[in-house]
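Colleague: Before I use this at the bench, please show me how each label in your description is earned. I would like the rule behind each one next to the value.

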Amino acid sequence: MFGYLVRRVLAAIPVMGVVAVFVFLLLRLTPGDPAAIIAGDQASPEQLERIRISLGLNEPIYTQFFTWIGKVLRGDLGVSLISQVPVVQMIGQRIEPTVSLALSTIILSIVVAVPLGVIAAWKHGSLVDKGVMSLSVLGFSIPVFVIGYILIQIFAIELKWLPVQGFRSLSRGLWPFFERALLPTLTLSFIYIALIARMTRAAVLDVLGEDYVRTARAKGIAEHAVLLRHALRNAAVPVITVIGTGFALLISGVVVTESVFNLPGIGRLTVDAVLARDYPVIQGMILLTSGLYVLINLLIDVAYTLLDPRIRY
Amino acid sequence: MVDVVRVLRRWVCRPALLSGVAVSAAMTLSAAAEAKTLTAVMHSDLRVTDPIITTAYITRNHGYMIFDTLLALDEAFKVRPQMADWKVSDDRLTYTFTLRDGLKWHDGKPVTAEDCVASLKRWAARDGMGQKLMDMTASLTASDERTITLKLKEPYGLVLESIAKPSSIVPFMMPRRIAETPPDKAIGEQIGSGPFRFVQAEFQPGVKAVYEKNKDYVPRAEKASWAAGGKVVKVDRVEWITMPDAQTAVNALMSGEIDFIEQPPIDLLPILAASKEVKVHNTNALGYQTMGRMNFLHPPFDNPKIRRAALLALNQKDVLDALIGNPQYYRICGAMFVCGTPLETEVGAETLVRKTGMEEAKKLLAEAGYDGTPIVLMQPTDVGTLKAQPIVASQLLRAAGFKVDMQAMDWQTLVTRRASQKPPKEGGWNMFFTNWVGADVFNPLVNVSLNGRGRGAWFGWPDDPKLEAFRDAYSRAGSLDEQKTIARDLQAYAYEQAIYIPLGQYIVPSAWRTELTGVLDGPAPYFWNIDKAD
């Protein structure tokens, strides 16, 4: 297993390298000029040109690339062209809201969706099954921002139980953190509950028809033990895959939810950087995101071995 | 698996561990919590913090928080002393500015005349009005610690108006070591002498900017009026919070989570106006001017008759109806130097304001021999206040006989393409639209669209010595009456040549909680003089 992990980590290095080259070139080919954002609407062409020179944007692309990649290899993602703040610092400021929201969403989704999916499979064709599947379709269909606004209207505006917006770090206390994280978590969970519940139902349904489940039942094992120990564990591989990719998607930014609840996460950081053509920030974000995807995929693969002893690397 | 469980356990247990930390943190934070804090959502997030390198209004607003100015304009358009008083020699060639007592930078050092000279020079290298002032200046020196002497080559009527310029780029004063930063490189420190200090440690670009009351600031004794008079700070902290979603900002204001929204969208104003806890008021009487600009370098708009035909085809009402909708928030105004200023006149704008030019436009277009060259008209789809103008203009231009190629793009692409002087087929353009704060166009020198220096002029690049002659004459005018006459003639000429097309004036009211009192009017939002009830 250790050898496998080392091989996977080493294999990630060329992947990251290709991502770095691709992103760098793509950004330089996209129309846009950070100097224009800095200079503002009244700047003359000469002033724009002078700012471009001072930012090093007139250097040949290969020179810019090697300067940037040299810094990245030393752990320096550069400085924002627009705000002059180090990219690492900007990402550091934004990572906590994103990670908090991703974790709370994925935990809530698993806690709700997995039992729902198992029950729906167990009661296949019943009203309970149909109810769960209908709710699942609803969860997929309603746009996230609509759910967000409805929750804000009910719990923040009408009932005044929770704040409308914002984020408080856990370091400022559990309740301030929780009261601001609850609505965005609920909002985002709708779609993930729908997704995981459907996947769990389908996977468990497949397994329930297997011979070993029939054997377990024939041996008189209690139904809950059949479902949890025999069916769910064997159905877990596809469910874990969905949870893993869902988590990666949440980490890489949920810009609509972040906007509706005014959460200063990395989704908004990325979108703002793209709109301003803030190259170092975009490059840093994409490198970080691709690294996270590699890591999460690795963790999913490791999880397979823990859940299914037949899988060995 | 064990590791995963351990990590999970660490996360689950973390809040419990943190609760201890939270108690001590809460004690530390209690001081901040007790501070009187004003939370505002501004029109944009602060990213560039150097108010000299950029003309962005959010950075100008940031500049007003932490920097001060030598002079300032009041609501009657009169220049008033701020950091300095002044004297003018009898021959009108020497201006002597004397710094007032008690001026200190945020690092505790005294403000000196040398700091101000360096600041003026850096500002003048970036600002059009500043460049003009320096063209007329023989010397700008610090005579002693508190005296700045400006000697002119010849009498120039706009010395004080230049130094009291209220909008981008405002001549803010900085310590010499900062002001000596090259004008095309952003400053590294945020040290001013203004009424607030910038809290660098809490600055998160795109999230929030925090300002604390500068307890060493000595305000002037006069009543505050625009950026002039006493800048008395009545709150301990001001936090600018970025909220990308306007509906969220409105909800937050109504629930009391924030105190002030600089520019709520027009369509959400009725919700705010209906709330008893919120006041909606326009603080910027001059508002904004929306305008169209043609490219003078390439066909068909290199032909003055065709430019004029385009101007005749457009009208302000159709544009403003599409852009703003509610007439309560817009004004049909043909004045290039905006309505509500001493230079207001509608000469030359008759067809724009009366919507009577279409037939003449068709006739003129035929006379000019327009060959059907398509007009590349750029439409920014991601800026709410710039989306409608290109659509209306395209329709009206087509009705007059133009062939229009309206190209949708994001604002970033537009500003990049706008800088290209190549023909439209090679990535250039023919027409675009933008908006100006009234104070940025309210006289012939600050109005960059009237610069006629060809390829060195503002985008569109009109090469028109007569325009420059008008601007020179205006800068030398000795009285307001003379200035008015020149401005009137300049406007008539600019309309005749279709230098640019003013498409009306609109306002964007601000909204704030009724707990706030003392919100000042002005071309920029000011946060001094505002008090917040407990």
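Colleague: How many residue pairs are in polar contact between domain 1 of chain A and domain 2 of chain A?

Modeller: There are three such pairs, with both residues at pLDDT 80 or more. A pair counts when N or O atoms lie within 3.5 Å; within protein, one atom must be able to donate a hydrogen and the other to accept it, and residues adjacent in sequence count only if both atoms are side-chain atoms. On the domain 1 side, the elements of chain A giving two or more residues are α1 (2-29), α2 (34-39) and α4 (61-73). The largest share, 13 residues, belongs to α1(A). By class, that side has 17 nonpolar, two polar and three charged residues. Asp, Glu, Lys and Arg count as charged; Ala, Val, Leu, Ile, Met, Phe, Trp, Tyr, Cys and Pro as nonpolar; the others, Gly among them, as polar. Helices are DSSP runs of H or I with at least four residues, strands are runs of E with at least two, and both are numbered from the N terminus.

Do keep in mind that this is a predicted model, in which local features need pLDDT of at least 70, side-chain atom pairs count only at pLDDT 80 or more, and totals for chains, interfaces and linings use all residues. Residues are numbered from 1 along each chain as its sequence is written, chains are lettered from A and ligands numbered from 1 in the order written, and side-chain values use heavy atoms, without hydrogens and water.

Colleague: What makes R8(A) and D301(A) a salt bridge?

Modeller: The rule asks for a side-chain nitrogen of Lys or Arg within 4 Å of a carboxyl oxygen of Asp or Glu. Here the N to O distance is 2.3 Å, so the pair earns the name under that rule. One salt bridge is counted between the two domains.

Colleague: Where do the two domains of chain A begin and end?

Modeller: Domain 1 is 2-73 and domain 2 is 96-307; such bounds come from an automatic or database domain assignment. Their centres, taken over C-alpha atoms, are 33 Å apart. Domain 1 gives 22 residues to the contact and domain 2 gives 14, where contact means heavy atoms within 4.5 Å.

Colleague: How do you know how much area the two chains bury between them?

Modeller: Buried area is the accessible area (1.4 Å probe) that two parts lose on being put together, summed over both. For chain B and chain A that comes to about 4400 Å², 56% of it on carbon and sulfur atoms. R47(B), D184(B) and Q412(B) supply 14% of the area that chain B buries against chain A, more than any other three residues. In contact terms, 58 residues of chain B meet 51 residues of chain A.

Colleague: Which residue of chain A forms a salt bridge with D184(B)?

Modeller: R50(A) does, with the closest N and O atoms 3.1 Å apart. The rule finds two salt bridges across this interface.

Colleague: Which residues of chain A are annotated "transmembrane region"?

Modeller: The unreviewed UniProt entry gives several spans, including 99-122 and 281-307. UniProt positions follow the numbering used here, feature names are shortened, and annotations may be inferred rather than shown by experiment. Residues 99-122 are 100% helix, with end C-alpha atoms 34 Å apart. Residues 281-307 of chain A are also 100% helix, their end C-alpha atoms being 38 Å apart.
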